[in-house]
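Open your viewer, switch to the cartoon view and get ready to click through the chain. At each stop you will be told what to select and what to look for.

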Amino acid sequence: LRVVTGPVVAEAMLGHVVLANETLADAPEGARLFILAHEIGHLVAQDWQAMNSLYLRWIPGEVTPAHTDPVANDLGREASALAHQQELAADAYALHSLRRLGWHTSDAVEAFLLLGRELTHDTATHPSTRRRLALLRGWPSSVLQTDTTGL
């Protein structure tokens, strides 16, 4: 865990580091735990390695326009789909972790409100906040009781 200042709120990096903004210390505990558990979920699931493998499959050699331009659209679509899947899996991991510690879905919802993310549309790397909140609110405990350590 590395505590940072600047625009990063929290982010999993290089497959083994979680960056967390120092301002998270002021967040309500349940929201802070959800945010950190979400990033830990990326590490547990080895998302960084999966994305690296995807890029290596599409661009196995030298990274030059001659190699990247012909595959850019297909690679972009597949990378975006994988990133969305990874975000939703990290949300599920975080919610499962919070529930095991006695926290509630409302604490996860508070995390999104705290972040001020009003993403009404999907981006290349993240599903919309509206979609993520709907899934969080709709996931029954039985779904989250499955083994999420290998997400």
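Start with the whole chain and follow it from the N terminus: the elements run β-β-β-α-α-α-α-α-α-α. That gives seven helices and three strands in the protein chain. Keep in mind that this is a predicted model.

Now show the surface. The chain exposes about 8700 Å², and carbon and sulfur atoms supply 56% of that area. Of the 151 residues, 40% count as buried. If you look at contacts with a separation of 6 or more, residues 24 or more positions apart account for 62% of them.

**Stop 1: the start of the chain**

Select Leu-1, which lies in the segment before β1 (2-4). Is Leu-1 buried or exposed? Leu-1 counts as exposed because its relative accessibility is 70%, and over 50% is the mark for exposed. Leaving out residues up to four places away in sequence, Leu-1 touches Val-18, Ala-20 and Leu-36. Try a distance label here: the C-alpha atoms of Leu-1 and Leu-36 are separated by 9.5 Å, although these residues are 35 residues apart along the chain.

Next, click on one of those partners, Ala-20. Ala-20 sits in strand β3 and is buried, with a relative accessible area of 5%. Setting aside neighbours within four places in sequence, its contacts include Val-3, Val-4, Val-9 and Ala-10 as well as Leu-36. Add a second distance label from Ala-20 to Ile-35: their C-alpha atoms are 9.0 Å apart, with their positions 15 residues apart along the chain.

**Stop 2: helix α1**

Select residues 29-44, which form helix α1. This helix has 16 residues and reaches 22 Å from its first C-alpha to its last, close to the 22 Å expected at 1.5 Å a residue. Just after α1, look for Gln-46, which takes a positive phi of about 60°.

Colour the buried residues of α1; among them are Gly-30, Ala-31, Phe-34, Ile-35, His-38 and His-42. Which elements cover these buried residues? The cover includes strands β2 (10-13) and β3 (17-21), together with helices α2 (47-58), α4 (72-100), α5 (105-115) and α6 (129-138).

While you look down the helix, here is a handy rule. An α-helix has 3.6 residues a turn, so residues three or four places apart point the same way.

**Stop 3: His-38**

Show the side chain of His-38, in helix α1. His-38 is buried, because its relative accessible area is 5% and buried means under 20%. Which side chains make polar contacts with the side chain of His-38? One is that of His-42, at 3.0 Å. Another is that of Asp-91, at 2.8 Å. Beyond residues up to four places away in sequence, His-38 also touches Glu-87, Ala-90, Ala-94 and Arg-132.

**Stop 4: Phe-34 and the nonpolar core**

Move to Phe-34, which counts as buried at 3% relative accessibility. In the largest nonpolar core, which has 16 residues, Phe-34 and Leu-136 touch the most other members. Helices α1, α4, α5 and α6 each supply at least two residues of this core. A second, separate core has eight residues, including Leu-54, Leu-75, Ala-79 and Leu-82. In soluble globular proteins, nonpolar side chains tend to be buried together.

Show everything Phe-34 touches, not counting residues up to four places away in sequence: the list includes Asp-91, Ala-94, Leu-95, Leu-98, Phe-112 and Leu-136.

Now zoom in on the rings. The structure holds one aromatic pair. The rings of Phe-34 and Phe-112 have centres 5.9 Å apart and planes at 55°, so this pair is tilted. The pair links distant parts of the chain, with Phe-34 in helix α1 and Phe-112 in helix α5, 78 residues apart. Phe-112 counts as buried too, at 4% relative accessibility.

**Stop 5: helix α4**

Finish by selecting α4, with its 29 residues. From its first C-alpha to its last, α4 reaches 41 Å, close to the 42 Å expected at 1.5 Å a residue. Just after α4, click on Gly-102 to find a positive phi of about 95°.

How values were computed. Residues are numbered from 1 along each chain as its sequence is written. This is a predicted model: local features need pLDDT of at least 70, side-chain atom pairs count only at pLDDT 80 or more; totals for chains, interfaces and linings use all residues. Side-chain values use heavy atoms; hydrogens and water are left out. Helices (H or I, at least four residues) and strands (E, at least two) are DSSP runs, numbered from the N terminus. Buried means under 20% relative accessible area, exposed over 50%, partly exposed in between (1.4 Å probe, protein chains only). A polar contact is a pair of N or O atoms within 3.5 Å; within protein, one must be able to donate a hydrogen and the other to accept it, and residues adjacent in sequence count only if both atoms are side-chain atoms. Contact means heavy atoms within 4.5 Å. The expected span of a helix is 1.5 Å times one less than its number of residues. A nonpolar core is a set of buried Ala, Val, Leu, Ile, Met, Phe, Trp, Tyr and Cys residues joined through side-chain atoms within 4.5 Å. Accessible areas come from the Shrake-Rupley method with a 1.4 Å probe; for residues, only the protein chains shown count as cover. Rings of Phe, Tyr and Trp (its six-membered ring) pair if their centres lie within 6.5 Å; planes under 30 degrees apart count as stacked, over 60 as edge-to-face and the rest as tilted.
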